[in-house]
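Colleague: I should like to understand the reasoning behind the terms applied to this structure. May I ask about them one at a time?

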Amino acid sequence: MKKCVLVTGGAGYIGSHTAVELIEAGYDVVIADNLSNSEFEAVEGVRRITGVEVPFEKIDCNDGTALDDLFARYTIDAVIHFAAFKAVGESVAEPLKYYSNNVGSFVTLLAAMRTAGVANVVFSSSATVYGQPETLPATEQTPRQPATSPYGATKQICEDILRDSVAAYDGLRGIALRYFNPIGAHPSALIGELPRGVPANIVPFITQTAVGIRSELSIFGDDYSTPDGTALRDYINVVDLARAHVVAVGRMLAGGQRTSYEVFNIGTGRPVSVMELVKGFESVNGVKVPYRIIGRRPGDVEAMWADTTLATTELGWHSERTLPETLRSAWAWQLSLKK
Ligand code: UD1
């Protein structure tokens with residue numbers, strides 16, 4: 001019988017891509033999302049790509065009664081928990097909103113899973129938990145640094161909540177995936193990143209500048225100790241990232257974990273500078289991205305990229321899509337929005 005995965009935040013950027021990859025890998029999927037920072041069109045996009053009328057439940061994961069009801073109506077084998085806020089700057093301005101939503105919803109979800117006897121959960125974590133490590137690339141053993149934002153703190157706290165819950169509650173299994181910088185869109189251009197307002201992340205800002213919605217991109221600092229002075233990141237294709245979730249769920253369901261709580265870096269292992277990203281985007285898409293170099297953005301780290309050895313050896317996962325291919329997909333998605 002097909003296994004069924006509940007995808008919370010499944011109308012969001014990474015959640016919608018993961019729903020597609022799960023369905024294409026043979027899973028049944030239920031999407032739960034409160035649509036507070038996402039659009040129902042993403043669910044329609046998932047349905048169009050897969051040809052499957054994926055069930056959609058408009059619920060908030062802070063609502064334990066709604067979760068209990070959902071678990072009573074579907075037989076769920078595993079949960080992937082994406083539902084969370086993710087704007088670093090906003091989290092500094094409104095920490096309670098972040099702690100309440102990101103931490104509260106995970107606690108509520110785990111409690112509902114316990115009640116319903118659902119054993120497997122993948123948590124959507126972030127490379128932000130490492131801060132600026134002393135040595136790079138970051139491995140899963142690299143010590144976590146004190147969080148530089150409430151957003152980052154919620155990722156650390158939720159990892160700890162999962163670790164402690166797995167240790168305490170018999171039968172519960174968990175995997176935390178630490179994402180580096182997810183970019184790009186599905187090759188169909190039917191789903192992609194849909195930022196509300198001014199994008200905080202670089203690729204949507206680049207595509208909106210190239211299409212004329214923004215007049216120029218601000219590059220935050222060219223005085224870092226990096227080859228071209230701009231900051232280094234590990235940009236991972238969102239479909240590759242989505243596939244990592246499929247592999248993680250499969251590992252748990254097959255009883256293949258080494259320990260009941262595991263953590264994996266999900267990146268490419270390759271550092272790319274902001275300037276390389278901008279120039280690469282211009283070159284593969286044949287468009288100009290007007291930019292201006294301004295000062296550093298507070299809270300930014302100089303360089304961050306992943307050691308992906310563990311994901312490769314243990315999950316058998318590695319990134320496959322190239323940066324040019326990924327930047328083309330981001331542009332195709334932006335152009336699809338113009339219509
Ligand atoms: C940040 C968070 C990360 C979070 C992610 C999702 C940190 C250290 N990182 O990643 O945990 O998961 O957001 O929201 O908290 N840049 C520009 N101009 C722009 C925008 C960005 O030059 O207009 C630069 C940044 O300075 C950075 C790079 O582009 O060097 C990537 O920025 P961004 O896309 O915002 O991701 P991170 O800050 O790496």
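**Terms and their grounds**

Modeller: Please do; I begin with the shell around the ligand, where strand 8 (residues 217–220) supplies the largest share, 4 residues. Please note that the model is predicted.

Colleague: What makes Tyr151, Ser218, Arg233, Arg297 and Asp300 stand out around the ligand?

Modeller: A residue belongs to the shell if one of its heavy atoms lies within 4 Å of the ligand. Of the 19 residues around the ligand, these five come nearest. By class, the shell has 10 nonpolar, 5 polar and 4 charged residues.

Colleague: Why is the pair formed by Ser126 and the ligand called a polar contact?

Modeller: The cut-off for a pair of N or O atoms is 3.5 Å. An N or O atom in the side chain of Ser126 is 2.9 Å from an oxygen atom of the ligand, so the pair is a polar contact. The same reasoning applies to Asn181, because its polar side-chain atom lies 2.9 Å from a ligand oxygen. For Asn201 the distance to an oxygen atom of the ligand is 3.2 Å, and therefore this pair also qualifies.

Colleague: How much of the ligand does the protein bury?

Modeller: The ligand taken alone exposes 750 Å², and the protein buries 90% of that.

Colleague: Why is the pair of Phe85 and Tyr98 called tilted?

Modeller: The structure holds 5 aromatic pairs, and Phe85 and Tyr98 form one of them. Their ring centres are 5.5 Å apart, within the limit of 6.5 Å, so they count as a pair. The angle between the planes is 55°, which is neither under 30 nor over 60 degrees, and therefore the pair is tilted. Phe85 is in the loop between strand 4 (78–81) and helix 4 (88–93), whereas Tyr98 is in helix 5 (residues 95–116).

Colleague: What makes a space a cavity, and which residues line the largest cavity?

Modeller: In a cavity a 1.4 Å probe fits but cannot get out. The largest cavity has a volume of about 30 Å³. Its lining consists of His81, Ala83, Ala84, Asn102, Phe123, Thr154, Lys155 and Cys158. Helix 6 (residues 150–168) gives the largest share of this lining, 3 residues.

Colleague: Which residues lie closest to the centre of the second largest pocket?

Modeller: That pocket holds about 260 Å³ of space. Of its 17 lining residues, Glu140, Gln141, Tyr261, Glu262 and Val263 are the closest to the centre. Strand 11 gives the most to the lining, with 4 residues. By class, the lining has 5 nonpolar, 2 polar and 10 charged residues.

Methods. Residues numbered from 1 in each chain as written. Predicted model: local features only at pLDDT ≥ 70, side-chain atom pairs only at ≥ 80, totals over all residues. Heavy atoms only, no water. Polar contact = N/O pair within 3.5 Å; in protein donor to acceptor, adjacent residues only side chain to side chain. Areas by Shrake-Rupley, 256 points an atom, 1.4 Å probe, with all protein chains shown as cover. Helix = DSSP H or I, 4+ residues; strand = E, 2+ residues; numbered from the N terminus. Nonpolar A, V, L, I, M, F, W, Y, C, P; charged D, E, K, R; others polar. 1 Å grid on protein atoms, 1.4 Å probe; cavity = no way out; pocket = protein on both sides within 12 Å on 5 of 7 lines; lining within 4 Å. Points joined across faces, edges and corners; volume = space filled by probe spheres on them. Phe/Tyr/Trp six-rings, centres within 6.5 Å; stacked < 30°, edge-to-face > 60°.
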